[in-house]
Amino acid sequence: MNKTLSRKQRRNFFFMNVSAFAVIFVFLGMIILQLLSQTAYRETDQAITEMNHNPEFIQQEIARYRDDSFPENSFHKEPPKSPSSNRFNTQIILWSKDGEILNKEAIGGRFSQMENLRLQTNDLEEIKTVTIQDEEDELIFHSLTKAYSDNEIAYVQILSNVNQIQHSLQNFRIIVVGCMIVFWLLSMGISYWLSAISMKPILKAWQKQQEFVENASHELRTPLTIIHNRLESLFRKPDHTILDESESIAQALNETRRLKGLTADLLTIARSDANQLTLEKETVETTAFLTELVLPFQEMAELEEKMFTLAVSDSPSVVMDRKKIYQVIVILLDNALKYTKQGDRIQVSASRKNKSWEVHVQNTGPSISKEAQQHLFDRFYREDKSRSKETGGYGLGLAIAKQIVEEHQGTITVKDVSPHGADFCIQLPLN
């Protein structure tokens, strides 16, 4: 993946994340403000509704209006001032048919704040917002007006001041919007970091794919070149018999077989990467399975004067793909034979360990360095490339083994054996 495409993809991820955060913050802020607005006025509206349905409050105000014995001075006495001098909670207004306030005396000093109040009979019995502009400030009320069957009193209006609530909501809106902006700015930094994190697996996959193609091309080129050269040499010697050119033909056939094996390995890896590696699982009796599997390798080890032993203890039945696990163990045994010399020892052991079936393939050949152990299951990795040419390896066997074992939800690991050698361990779950 070139740098321009990488930067473009990262920029796309960044804007996607920033946009997603912005949408989340906007919707979250809208929901919070909407819920707060609904709940902030709930108690005030409930109090107005209760007063409307409780005639005692209205009758008390009417009695005050009509009570001649009510001290005159008390009507004009201003109520105690709150921190905001023009704020009060609830007031009942008595209206005449002509839209005149009847209980001015009972309202007292507060009447000066309500001189601009006008009677509105459009929406009776409904709570509405009423705004009154006085000399100092704007007063906001929640109001309910109802018709009243009285010769003198035509309408009754209940007012409840909500300035304090309104100011609290405004302050809260400012705080919410400020927090949204601050956290959105923080989300930009997070988005930039997430875009970098999101690109890592893409770049890593792209790099692996590029390495895979390059390595595969290199490995394919060698046998194809040998086959091409041998076939060309046959054309240059048309008079030679098959016997005369048997060495060239045999070498071409040998490279063809190697090329066929490499192609099969590449196909296995490609299917695994595309999640097309299907497993045909069955219950396998592992003792008989291993005994049959190692038999030809025991014979080869005897011919090469190497010691080969099989140790099976408490080996259970395992649900697995017989052919695929067979292939994994063959890969390990084949490597053990390739990388051991005359007099070395190869041991295969199997046992039940906790909830898994554990198979060890040990050999007393050369040890594997710690650095090599970290990359041993990577594709096309070979610790000793010159030696791998002698053994005919492509560095795909252990990568395929790892993929098959992981498809079985198992693990495959390697460690050194003292004083020298290697121990490959396969663990498959007992389902």
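Here is a walk through this predicted model, from a four-stranded sheet to the cores and then to a helix pair.

Let's start with the sheet. Four strands make up an open sheet, ordered 1-4-3-2, with antiparallel pairing. At the edges you'll find strand 1 (90-95) and strand 2 (127-133), and each has a single partner strand, so one side of each is left without a neighbour in the sheet. From one strand to the next, the twist averages 35°. If you want a closer look at one of the pairings, try strand 1 with strand 4 (residues 155-161): they are antiparallel and share six bridges. Trp95 has Tyr155 in strand 4 as its bridge partner. Now bring in helix 3 (residues 55-66), which lies across strand 1, strand 3 (138-147) and strand 4. Helix 3 runs at about 60° to strand 1.

Next, move along the chain to strand 6 (residues 307-313), where Val312 sits. Strand 6 runs parallel to strand 8 (residues 345-353), and seven bridges join the two. One handy landmark is Phe308, whose bridge partner in strand 8 is Ile346. Strand 8 in turn is joined to strand 9 (residues 356-363) by eight bridges, this time antiparallel. The link between strand 8 and strand 9 is a hairpin with two residues between them, and Asn354 in the turn has a positive phi of about 55°. Across this pairing, Ser349 has His360 in strand 9 as its bridge partner.

Ser349 also brings us back to Val312: these two are 37 residues apart along the chain, yet their C-alpha atoms are separated by 5.5 Å. Is Val312 buried or exposed? Neither label quite fits: its relative accessible area is 30%, and buried means under 20% while exposed means over 50%, so Val312 counts as partly exposed. Leaving out residues up to four places away in sequence, Val312 touches Thr287, Leu290 and Ala350.

What about the interior? In soluble globular proteins, nonpolar side chains tend to be buried together. Here, the largest nonpolar core has 45 residues, and the members that touch the most others are Phe289, Leu333, Trp357, Phe424 and Ile426. Helix 9 supplies the largest share of this core, with eight residues. Take Leu333 as an example: beyond residues up to four places away in sequence, Leu333 touches Leu293, Val294, Phe297, Phe308, Val348 and Val361. Another core, of 13 residues, lies apart from the largest one and includes Ile132, Phe141, Ala154 and Leu159.

Finally, see how helix 9 packs against helix 12. The axes of helix 9 (residues 322-338) and helix 12 (residues 397-407) come within 9 Å and cross at roughly 150°, and the crossing is left-handed. On the helix 9 side, the contact involves Lys324, Ile325, Gln327, Val328, Ile331, Leu332 and Asn335. Helix 12 meets them with Gly397, Leu398, Ile400, Ala401, Ile404 and Val405. Sorted by class, the contact has nine nonpolar, three polar and one charged residues. An α-helix has 3.6 residues a turn, so residues three or four places apart point the same way. With that in mind, look at which residues of helix 12 are buried: Leu398, Ala399, Ile400, Ala401, Gln403, Ile404 and Val405. After helix 12 comes Gln409, with a positive phi near 65°.

Terms used: Residues are numbered from 1 along each chain as its sequence is written. This is a predicted model: local features need pLDDT of at least 70, side-chain atom pairs count only at pLDDT 80 or more; totals for chains, interfaces and linings use all residues. Side-chain values use heavy atoms; hydrogens and water are left out. Axes are lines fitted to C-alpha atoms, for helices over the stretch in contact, and angles run from 0 to 180 degrees between N-to-C directions. A crossing is left-handed if the near helix is turned anticlockwise from the far one by less than a right angle, and right-handed if clockwise. Contact means heavy atoms within 4.5 Å. Ala, Val, Leu, Ile, Met, Phe, Trp, Tyr, Cys and Pro count as nonpolar, Asp, Glu, Lys and Arg as charged, and the others, Gly among them, as polar. A nonpolar core is a set of buried Ala, Val, Leu, Ile, Met, Phe, Trp, Tyr and Cys residues joined through side-chain atoms within 4.5 Å. Buried means under 20% relative accessible area, exposed over 50%, partly exposed in between (1.4 Å probe, protein chains only). Two strands pair if DSSP finds at least two bridges between them.
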